[in-house]
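Student: Could you pick one part of this model and take me through it closely? I'd then like to see how it sits in its surroundings.

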Amino acid sequence: MSDALDTAAKPLKKPKRVLDPKFAAYRGVCVFVEHEHGHIHPVSWELIGKGRELANKLQAELAGIVLGAPGHEVRALCDEAIFHGADLCYLMQDPVLKDYRNQPYTKAMTELVNTFTPEVLLLGATSQGRDLAGSVATTLLTGLTADCTGLDIDTSDRSLLSSRPTFGGSLMCTIVNLNTRPQMATVRPRVMPMPARDTARTGRVIEHALGMAEDDVVTKVVDFIPDARADRPQLAFADFIVAGGRGLAKPENFNVLFDLAKVLGAEVGASRPAVHAGWVEADRQVGQSGKTVRPKLYIAAGISGAVQHRVGMEGADVIVAINNDAKAPIMDFSNYALIGNAVEILPALTEAFRERIAAARAKKEAGGG
Amino acid sequence: MNAPVELPAINVEEKLFQNRYRVDAGRPHIRVIDPAVCGRCDPKPCVVCCPAGCWRIEEDGAIDLVVDGCLECGTCRIVCEPKNVDWNYPRGGFGILFKFG
Amino acid sequence: MAEKFDVIVVGAGPAGNAAAYALAKAGLSVLQLERGETPGTKNVQGAILYAHALEKIVPDFREHAPLERHIVEQRMWLMDEGRAVTGMTYRDEGFSTPPHNRYTIIRARFDRWFSEQVKEAGAMVICETTVTGLLKDKNGRVTGVQTERSGGDIHADAVILADGVNSLVGQRAGLRPEIKAEHAALAVKEMLFLPKETVEARFGIGHGQGVVIEIAGRITHGMLGTGFLYTNKDSLAIGIGCMLSDMRREKLTPYQLLEGLKRHPAVKPLIEGAEMKEYSAHLIPEGGYKALPQLFGDGWMIVGDSAGFVNAVHREGSNLAMASGRLAAETLIELRAAGRPFSAANLGRYQGKLDESFVMKDLKKYATVPDFLHGHPHVLNTYPTLLNHAAREMLTVDGSDKRTKQGRIFAELKEKRSLLGLLGDAYRFWRAFK
Amino acid sequence: MHIVVCVKQVPDSAQIRVHPVTNTIMRQGVPAIVNPFDLFALEEGLRIKDRTGARVTVLSMGPVQAEDALKKCLSYGADETILVTDKAFAGADTLATTYALASAIRQLGKQHPVDLVFTGKQTIDGDTAQVGPGIAVRLGWQLLTYVSKLRDLDVGAKRIVVERRAEGGVQVLASRLPCVITLLEGTNELRFADMAGMFRAARYEVPHWDRNLAGIEDASKVGLKGSPTVVAQVFAPRPKAVKAQPMLGDTPRAMADALLDKLFADHPELEEYLLDHLEIVEAEQ
């Protein structure tokens, strides 16, 4: 009864399907530029970078899609898209598009796709990107592969090869979209490399009307509370986390952790025993019975790496472990280790980071970049 | 009569990581009745006998019990001479869930 | 309206499933409560299934039960703590001709299958629900159970306690005492996965054939205990257990003991390259006959591990569990057919059935063994070492004549155990095991 | 008021492991569970039921074994469960799945008009987070995703106000019923069923809806034929087993400096991202 499915990478097996003629003319790659309250989500430029690569393989154009309220901000976004590699930008300016709402944004996207007929449409796998991609794909009755970690083109039939994790990440699969266009995919932030920003690049901007009045839009935005002002720690969405465990021995020692967090603009997390001992509030607990986090950098101080903690933070991009026990379980799934007493190392690390950031900033101002 | 034994130090965490648990957060099913009794207890058989290493001795000698990895065997209740363990099963469907058993 | 059943069975292990199946098959209204997510998720065993016990309950089980391998070879190993092993092997091709006598099984799958049979027989099975106590009327007759869920009182004419070795429900209801450290062994186990072909190549068996290895000797470092290594279809079950009274004294953790067994030169090559997919632990009641609690009373009975029905000498448990579950059910079925109440007096018939069956006969046969082994731990220590040394002496051809070698063996024997001690051990061994 | 909660029975993916040597998926001993994210959706629906007496129907699409998941949902207090199951649905991707579920919801609406559809944020096996949006488009209802709190619900006025997790903050949206809500994890804690619920689930027969009962006229829209996306290849990711590189230095500061040099050498984008990130954080303080 051994139902072991052999996953040795066998050659791609794609059932042969003839593309519906009305889709045969679809050309070009489009990338949705995501922004909210003046902040551009970096995944937009990562996808422009990847889109450039795919467009080159398809020998077609790369276009950015910018939606928003009228004003210089959205125009600046078009320029940025072109600086990062786009050939052109489709721009829709309309007060109805001021804040992200599913109904108007879905109408805008489907309108642009039906007008400019791209063969590939990419969005970031963010809460906004996922919300929008699902509605657009269903409205267009086309295929969508979500949370991709890899994209490529099969030049033999111009099909997009989207690869993504499945079964909770223990396996990868490559998905193809057989008989519909555009081929849609969302990509997780920080997966694709950030392209270089070249202010010498130029490109055209094509405006298009939304064709929807505010009264037609059912859902209204009442308020927006930025995270920075949110009182409760937002561990699940933090990019930088410094976490403390029983190895810090005393609640006061968590202060050095908060110092480092302030310098890095990081959230402070904790392992179960530290929360259990009442050193930090339960909201900061990372792990099986706490939060699951996927930060860019996770610094674990005085944390042994018990199974219940590991499952909550193993998905971090880079893990630094500070522990006096070189054989602690956490060493088996961390990238870097500082062997020693966390309470002594943390202040030194805070100083090192503070100086490094100051130096980098000085260099940046001096360089006029 | 027993020759000094140099059995390897084992990290039981790695073994527990293979198991399937449904942790009943905030509702530990085993509790120490009176921590002072543990303070006076030496040697502490629960620490040695627990197959999941749930019972640990802190630097200051106090007992620290974390039942997330508990295998629900009942050993700590039985080996504790002062009967200082309030031992129950987790709520239905929680705790260890053996895939093979 | 309160829920009412003829019988409530607490626990869905072999004993509970056997009882619930037989009762439901006979048309009684049965409720079986299991605290695990599904039957099997809380149960751990070596695990060997004894066909004759299950045949009496589900005669055609071989057609559809999830069985791993039928056992054709039994090896008994006496190990030192890290170098040598001597022992005895019994392999019989006769075991290969169906109907097979013993199988290895994987409990999580087997218990779930057995529970499906129980449901098909008409019993109601409710999982993820822990029984926390018994309901009693004013003169102490058990009239149902309490569960942890609100509105959780459920009434029944009889309650069968099949809640496993810890037997918390019975203890909390004052029907039985707590288990003593001298009467329980803690076993730890790992499931090691290997491709089917590798298992068969390493143990010299063909498709469907199984080998079980029982292990004793210095591998338990002077503690009273045994180990095992069983073959499943594409996995190996390896484990080791010791009496809690001994473990409490020594400074050896269960997982160190297991590592010692896995690293023993006789075991290491058999498990090389396997992937460990589960680490489990379980208590085994080893007090034997003398540690048996009161088995029945007004409106209640105890079956399986919860009663301590384990024959430690032959390492048998699941057959005693299934047999006791079946006999308890038969008692209730006969009483119900005769229209007689499930009173303590009438339930005495359960004790009678047990006494006539192998369950009580085997337990009585080895009643003094636990005390004997506690009193003479060296039996499982010194003699295995002596046997190993004797084998090494006789099998090392170094030019010295055999009579001298024999002399060396007896010298060590006498030095370790005086002649008188040897005779005393032999006599007491004979008396305990006759 | 009538609430439909969509759930899915999925393999407990945390237990699925790829054998490090043979690279095969070791699926032995992987049980099926209710998709954990969907349980938050169920609890939210049951809380509204507790407050307003609303009717809660649990809907799932899958093989016959998915009955176990639905019986479990019933034990928590749902009024009814429907299993949409048909051989024609085998291999359905999200587009086909949302077509079938939307049809079933319309059918349910005929007996009791549906005001609210709850789904989990995503499944732990598919992780695509597309079922909620897909159903909303098919039904033409408003879509509110990543909802972390229901602030206000007025069935009479068909008004709803929610808090929604957006990038960099929380959006507060006012919308109208009927609508589709995908719920963020951690918004609530699943109740512990009472004994009556357990008995009801044990005695309950889960109704099966095939294509016709689910009101699906165009069979080509469901199952493999209705699915534009197909899995062309499955492979094991590069094993992540990594041993931490110790940073050497005789003083804590020396070790810290060694770490920063190595960290930013191996991950230059990290330093850049840190600088951008700090500007945002400081701008908001």
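Tutor: Let's start with a sheet, then work outward to the chains around it.

A bit of bookkeeping comes before that. Residues count from 1 along each chain as its sequence is written, while chains are lettered from A and ligands numbered from 1 in the order in which they are written. This is a predicted model, with local features needing pLDDT of at least 70 and side-chain atom pairs counting only at pLDDT 80 or more, while totals for chains, interfaces and linings use all residues.

The part I'd pick is an open sheet of 6 strands, in the order E16(A)-E15(A)-E17(A)-E18(A)-E19(A)-E15(D), with parallel pairing. Strands (E, at least two residues) and helices (H or I, at least four) are DSSP runs, numbered from the N terminus, and two strands pair if DSSP finds at least two bridges between them. At the edges stand E16 (267-270) of chain A and E15 (245-246) of chain D; each has a single partner strand, so one side of each has no neighbour in the sheet. As for pairing in general, strands of a sheet do it through backbone hydrogen bonds, either parallel or antiparallel.

Zoom in on E18 (residues 318-323) and E19 (residues 336-339) of chain A: they run parallel and are joined by 4 bridges. Asn323(A) is the residue standing opposite Ile339(A) in E19(A).

Now for the helices lying across this sheet. Helix H6 of chain A (residues 254-264) lies across E15 (240-244), E16 and E17 (297-301) of chain A, and runs at about 175 degrees to E15(A). Chain D brings its own H6 (residues 252-266), which lies across E18 and E19 of chain A at about 175 degrees to E19(A). For those angles, axes are lines fitted to C-alpha atoms, for helices over the stretch in contact, and angles run from 0 to 180 degrees between N-to-C directions. Contact here has a cut-off: the C-beta atoms of two residues, placed from the backbone, lie within 7 Å.

The loop between E15 and H6 of chain A holds Ala249(A). Its phi is near 65 degrees, positive in a residue other than glycine. Ala249(A) has 16 other C-beta atoms within 10 Å, so it's partly exposed. The scale is simple: 20 or more other C-beta atoms within 10 Å of a residue's own is buried, 12 or fewer is exposed, and in between is partly exposed, with C-beta atoms placed from the backbone.

Leu141(A) also has a positive phi without being glycine, near 55 degrees. You'll find Leu141(A) in the loop between helix H5 (127-140) and strand E8 (144-148) of chain A. With 13 C-beta neighbours inside 10 Å, Leu141(A) counts as partly exposed.

How far should you trust chain A? pLDDT is the predictor's confidence in each residue, from 0 to 100; chain A has a mean of 87, with 90% of its residues at 70 or more. Over residues 1-9 of chain A, though, the pLDDT is below 50, and this stretch has 23 contacts in the model beyond near neighbours in sequence.

Back to chain D, the sheet's other contributor. Chain D has 7 helices and 15 strands, and 50% of its 285 residues are buried. Of its contacts with a separation of 6 or more, 68% are between residues 24 or more positions apart. An assignment, automatic or from a database, splits chain D into domain 1 (2-226) and domain 2 (252-284). Taken over C-alpha atoms, the centres of these two domains are 42 Å apart.

Elsewhere in the model, chain B has 4 helices and 6 strands, in the pattern α-β-β-α-α-β-β-α-β-β along the sequence. Its C-alpha trace spans about 40 × 35 × 25 Å along its principal axes, and 45% of its 101 residues count as buried. If you check omegas, Asp42(B) and Pro43(B) are joined by a cis peptide bond, with omega about -10 degrees. Pro43(B) is in the loop between helix H2 (35-40) and helix H3 (45-49) of chain B. Chain C has a cis peptide bond between Pro98(C) and Pro99(C), with omega about -5 degrees, and Pro99(C) lies in the loop between strand E5 (85-91) and strand E6 (102-104) of chain C.
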